[in-house]
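Reader: I have a model open on my screen and would like to understand the labels attached to it. Could you take me through the reasoning behind them?

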There are 2 protein chains.
Amino acid sequence: MNPRPHTAVIGLGAMGLPMATRLAAHLPVTAYDISEPRLAQLAAAGGTPAATPAEAAREADVVLLAVRDQAQVDAALFGENGAALTLRPGTTVILTSTVGPDAARATAARLAERGALTVDAPVSGGPVRAGNGDLLIVVGAEDKALDLSRPVLDLLASTLTVVGPRPGDGQALKAINQLLAGVHIAAAAEAIALARGLGLDPATVVESLRHGAAGSFMFADRGPRMVEAYASDQDPEVKSRLDIFVKDMGIVTGIAKSAHVPVPLAAAAEQLYLLGERSGLAAHDDSSIVTVLSPKEADR
Amino acid sequence: MNPRPHTAVIGLGAMGLPMATRLAAHLPVTAYDISEPRLAQLAAAGGTPAATPAEAAREADVVLLAVRDQAQVDAALFGENGAALTLRPGTTVILTSTVGPDAARATAARLAERGALTVDAPVSGGPVRAGNGDLLIVVGAEDKALDLSRPVLDLLASTLTVVGPRPGDGQALKAINQLLAGVHIAAAAEAIALARGLGLDPATVVESLRHGAAGSFMFADRGPRMVEAYASDQDPEVKSRLDIFVKDMGIVTGIAKSAHVPVPLAAAAEQLYLLGERSGLAAHDDSSIVTVLSPKEADR
């Protein structure tokens, strides 16, 4: 195993840029993004900009994909000037996006035709933790691929859970994580909207219930942000975009349907996030979903 | 305030018997239940059995109602031989059942016509904590009623939250507690059913996700019981009956509708608990709801 693999990062968005920046402090990093300013930020952090995914991947031992969804994964790898054009046999591709098990398996199969290895490694934790190497990463990969990508994963993760040997295994666990997280945020929104409807003080409700049998990580984390949404005229800071849950609850209900498992709450949550997106909240913080159930200007 | 009020307990079920037993160790307690064996258990603990609610309430300074639902509250107070026949002006009635804000307010109004005071005090925590004086109680009551009932409430509660001065205020917060708890149990069931459907080990999924952003009290508490449901041929011990959530999610969706607040996840959860009840699980532990989504004998 090469302890300092040359790493290509494709996608310098909310998660990709802090990951690439952290990696560039320890490893040779080449990166591609559609945005010139993003590439310049990476260059300032010591990375090398590339003009295309293919160019970024040319010298790489490891290619890390940090893009939004499977369409972008396909474009970055197999599109015009995609990284697959320059991948060498034995190069390891780390998929950090949440795309679902089937998409990860299909991608791994196409990469295997070119002799490349795949590490299915969807990440959780947000941009700040990405920059601090404090992500939670759930992995599906065979041992050889995992070994080759370890120096990169270890720089990014504070908790790395190997779910199984197949690409897709990490996606499966991440989907279940997102089912719970997305339903819990929606439940918090219903609780706070109902508290308002009943004339209770939402802040008191959050404080009274967060430590008991009604508690969840999301109720304690998003609850106060939802309360804030009513206290201020300004939109709250975007820590996690609402449309991430449109995508991820779509993955959840899709794989549940394929597995013939009913998930009525996840399906209701998916519809709620779609309603939020339709209401113009796609790029807002996901806690803003509460305003769909209980509008700010509403009579109480 | 009388520090040792004579207390009548009406209803010696899963919650009523341990509460009455604990009270009888410290206060004069008279009790009524339809079940002779239950009355005998209370007598063995030092309480005095009564033949009717009216007889139980005759000498009482405080009447504590520990019955299942509003129909039983009405029968115990205002039915044939109901406690209202013997209540004296100034007697305080503690409603520990979860019945919803409107029902609690209506009961308080009828009691006020007879000069009795009402403490709306729905309890949480289960039978074991009831016997240890370790309940969580959320209260709606004016100061005078609260003062008169304090010696009883303090023997039962480790956490007492006074939500507001009106009967119904405690019920409102309890309903929000049940919304979150009921949705979180259903979400845990969907997560574990989906894990099985995807071929993941459910025990590993619970362990991997319970401490992170997907975590909830209910996922950590009911999750392992759901995993157990598949590991054993025996039904798990009943710690909390499934049909409690049929009743309580019904209260949640009812008051939300009255307040014109959409609660799509709570509504989906209500339907899921109704399905569980229809599947013969009413008296089973609520964690058994997972077997509705992923039957024990199913192909995986």
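Author: Happy to; we will go from charged pairs to rings, then to a helix and the two copies. Please keep in mind that this is a predicted model.

Reader: What makes Arg105(A) and Asp102(A) a salt bridge?

Author: The closest N and O atoms of Arg105(A) and Asp102(A) are 3.4 Å apart. The cut-off is within 4 Å, so the pair qualifies as a salt bridge. Over all chains, a search of the whole structure finds 26 salt bridges.

Reader: Why can Arg105(A) reach Asp102(A)?

Author: Both residues belong to helix H5 (residues 101-113) of chain A, and being three residues apart there separates them by about one helical turn. An α-helix has 3.6 residues a turn, so residues three or four places apart point the same way.

Reader: How do you know whether Arg105(A) is buried, partly exposed or exposed?

Author: Its relative accessibility is 33%. Buried means under 20% and exposed means over 50%, so Arg105(A), lying in between, is partly exposed. Asp102(A), at 48%, also counts as partly exposed.

Reader: What makes Asp134(A) and Arg129(A) a salt bridge?

Author: Their side chains meet at 3.2 Å, N to O, and the limit is within 4 Å, so the name applies. Asp134(A) is partly exposed at 29% relative accessibility, and Arg129(A) is partly exposed at 31%.

Reader: How do you know that Arg225(A) and Asp221(A) form a salt bridge?

Author: The N to O distance between the two side chains is 3.0 Å, which satisfies the 4 Å limit. Arg225(A) and Asp221(A) lie four residues apart in helix H10 (residues 217-231) of chain A, about one helical turn.

Reader: Why is Arg225(A) called buried, and what is Asp221(A) called?

Author: Arg225(A) has 11% relative accessibility, and buried means under 20%, so Arg225(A) counts as buried. Asp221(A), with a relative accessible area of 29%, is partly exposed. Both take part in a network of salt bridges that also links Arg222(A), Asp285(A) and Asp286(A).

Reader: What about Arg222(B): why is that residue called buried?

Author: Arg222(B) has a relative accessible area of 7%, and the label needs a value under 20%, so buried is the right word. Arg222(B) sits in helix H10 (residues 217-231) of chain B. Leaving out residues up to four places away in sequence, Arg222(B) touches Ile185(B), Ser240(B), Asp286(B) and Ser287(B).

Reader: Now the rings. How many aromatic pairs are there over all chains?

Author: The search finds two aromatic pairs. In one of them, Phe245(A) and Tyr273(A) are 5.3 Å centre to centre with 20° between the planes.

Reader: What makes the Phe245(A) and Tyr273(A) pair stacked?

Author: Centres must lie within 6.5 Å to pair, and planes under 30 degrees apart count as stacked; with 5.3 Å and 20°, this pair therefore meets both conditions. The pair links distant parts of the chain, with Phe245(A) in helix H11 (residues 243-258) and Tyr273(A) in helix H12 (residues 264-281) of chain A, 28 residues apart. Phe245(A) and Tyr273(A) are buried. In chain B, the rings of Phe245(B) and Tyr273(B) have centres 5.3 Å apart and planes at 20°, so that pair is stacked too. Both Phe245(B) and Tyr273(B) are buried.

Reader: What makes you say that a charge sits over the ring of Tyr230(A)?

Author: The charged end of Arg196(A) is 3.6 Å from the centre of that ring, and the distance limit is within 6 Å. In chain B, the charged end of Arg110(B) sits over the ring of Phe78(B), 3.9 Å from its centre.

Reader: Why is helix H1 of chain B described as mostly covered?

Author: Of the nine residues in H1 (residues 16-24) of chain B, seven are buried. Among them are Leu17(B), Met19(B) and Leu23(B).

Reader: How do you know what kind of axis relates chain B to chain A?

Author: Chain B can be laid on chain A with an RMSD of 0.1 Å by a turn of 180° and a shift of 0.0 Å along the axis. That is the relation of a two-fold axis. The same surface serves both copies, as 100% of the contact residues of chain B recur in chain A. Ser216(B) comes closest to the rotation axis of the residues of chain B, at 1.9 Å (C-alpha).

Definitions and conventions
Residues numbered from 1 in each chain as written. Chains lettered and ligands numbered in written order. Predicted model: local features only at pLDDT ≥ 70, side-chain atom pairs only at ≥ 80, totals over all residues. Heavy atoms only, no water. Helix = DSSP H or I, 4+ residues; strand = E, 2+ residues; numbered from the N terminus. Buried < 20%, exposed > 50% of the residue type's maximum accessible area, 1.4 Å probe, protein only. Phe/Tyr/Trp six-rings, centres within 6.5 Å; stacked < 30°, edge-to-face > 60°. Lys NZ or Arg CZ within 6 Å of the ring centre and 35° of its normal. Contact = heavy atoms within 4.5 Å. Least-squares fit on C-alpha atoms with pLDDT ≥ 70 in both.
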